[in-house]
Amino acid sequence: MSPNERRSAGLLLFRTTGESGLEVLIGHMGGPFWAGRESAAWSVPKGEYGPGEEAAAAARREFGEEFGHPVPNGPWVALGESRQSGGKIVTVWALEAGLDPATAVPGTFTMEWPRGSGVQQEFPEIDRFAWCTPEVAARRLVKGQRVFVDRLRDMVTGEREPSAPDGP
């Protein structure tokens, strides 16, 4: 990993239900830029990490920070990497679990808002979570992360072999 290369790692929780089949847990990005937007304004719980941290450790840390609870127990399945439009490389794992989005206690960040005002305000990193079908997630997720839902769907339907069934 080069010092200038930006990397993120995340964890995509999924469940299968009798009603809608496969569902994934995604979060709506917080802060004023994303307020009022739905399309391409959601994300897999993830975050950046540097050269001294392993991707899986970053995914675990970021899930805890963004959802506000530790990662559920269970095997992780590697969904690989994807380069986002800004050049950042994102690595994601899937984990089958059934968390209640209403219990999330998201972490926060501080920024000047409105810009140029000198006023610092605090915003949630993720302002809400929801279980979504792959079709709904495809509309909601930022474009560079949609590939992970496709890979998960292929794995669940047997069109793709799990690459790391024992997890990190």
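Pro 114 is found in the loop between strand β7 (108-112) and strand β8 (120-124), where helices (H or I, at least four residues) and strands (E, at least two) are DSSP runs that are numbered from the N terminus. The peptide bond that leads from Trp 113 to Pro 114 is cis, with omega near -5°. This is a predicted model, in which local features need pLDDT of at least 70 and side-chain atom pairs count only at pLDDT 80 or more, while totals for chains, interfaces and linings use all residues. Residues are numbered from 1 along each chain as its sequence is written, and side-chain values use heavy atoms, with hydrogens and water left out.

A second backbone feature can be found in another loop, the one between β2 and β3 (42-43), which holds Ala 40. Ala 40 has a positive phi of about 55° although it is not a glycine. Most residues other than glycine have a negative phi, and most peptide bonds are trans. With a relative accessible area of 22%, Ala 40 is partly exposed; buried means under 20% relative accessible area, exposed means over 50%, and partly exposed lies in between (1.4 Å probe, protein chains only).

From the loops we can turn to helix α1, which runs over residues 55-67 and has 13 residues. Helix α1 reaches 18 Å from its first C-alpha to its last, close to the 18 Å expected at 1.5 Å a residue, the expected span being 1.5 Å times one less than the number of residues. The buried residues of α1 are Ala 55, Ala 56, Ala 58, Ala 59, Glu 62, Phe 63, Glu 66 and Phe 67. Because they cover an arc of only 155° around the axis, they lie on the same side of α1, where the arc is that of the directions from the helix axis to the C-beta atoms. What covers these buried residues includes β1 (7-17), β2 (21-29), β4 (46-49), β5 (76-83), β6 (89-96) and β9 (126-132), with contact meaning heavy atoms within 4.5 Å. Just after α1, Gly 68 takes a positive phi of about 85°.

One of the strands that cover the helix, β9, has 5 of its 7 residues buried, so β9 is largely enclosed by the rest of the structure. Strands β2 and β9 pair in the antiparallel sense over 6 bridges, and two strands pair if DSSP finds at least two bridges between them. In this pairing, Gly 27 stands opposite Phe 129 in β9.

Phe 129 also leads us to the aromatic rings, of which the structure holds 5 pairs; rings of Phe, Tyr and Trp (its six-membered ring) pair if their centres lie within 6.5 Å, and planes under 30 degrees apart count as stacked, over 60 as edge-to-face and the rest as tilted. Phe 67 and Phe 129 form an edge-to-face pair, with 4.9 Å centre to centre and 70° between the planes. Since Phe 67 lies in helix α1 and Phe 129 in strand β9, the pair ties together parts that are 62 residues apart in sequence. Phe 67 counts as buried at 0% relative accessibility, and Phe 129 is buried with a relative accessible area of 8%. Another pair, Trp 76 and Trp 93, is tilted, with 5.6 Å centre to centre and 55° between the planes. This pair links distant parts of the chain, with Trp 76 in strand β5 and Trp 93 in strand β6, 17 residues apart. Trp 76 is buried with a relative accessible area of 2%, and Trp 93 is buried with 11%. Ring pairs also link Phe 63, Phe 67 and Phe 129 into a cluster.

Charged residues can be followed in the strands as well. Arg 7, in strand β1, counts as buried at 13% relative accessibility. Its side chain is joined by polar contacts to the side chain of Glu 5 at 3.1 Å and to that of Glu 81 at 2.9 Å. A polar contact is a pair of N or O atoms within 3.5 Å; within protein, one must be able to donate a hydrogen and the other to accept it, and residues adjacent in sequence count only if both atoms are side-chain atoms. Glu 23, in strand β2, counts as buried at 11% relative accessibility, and its side chain makes a polar contact of 2.6 Å with the side chain of Arg 15.
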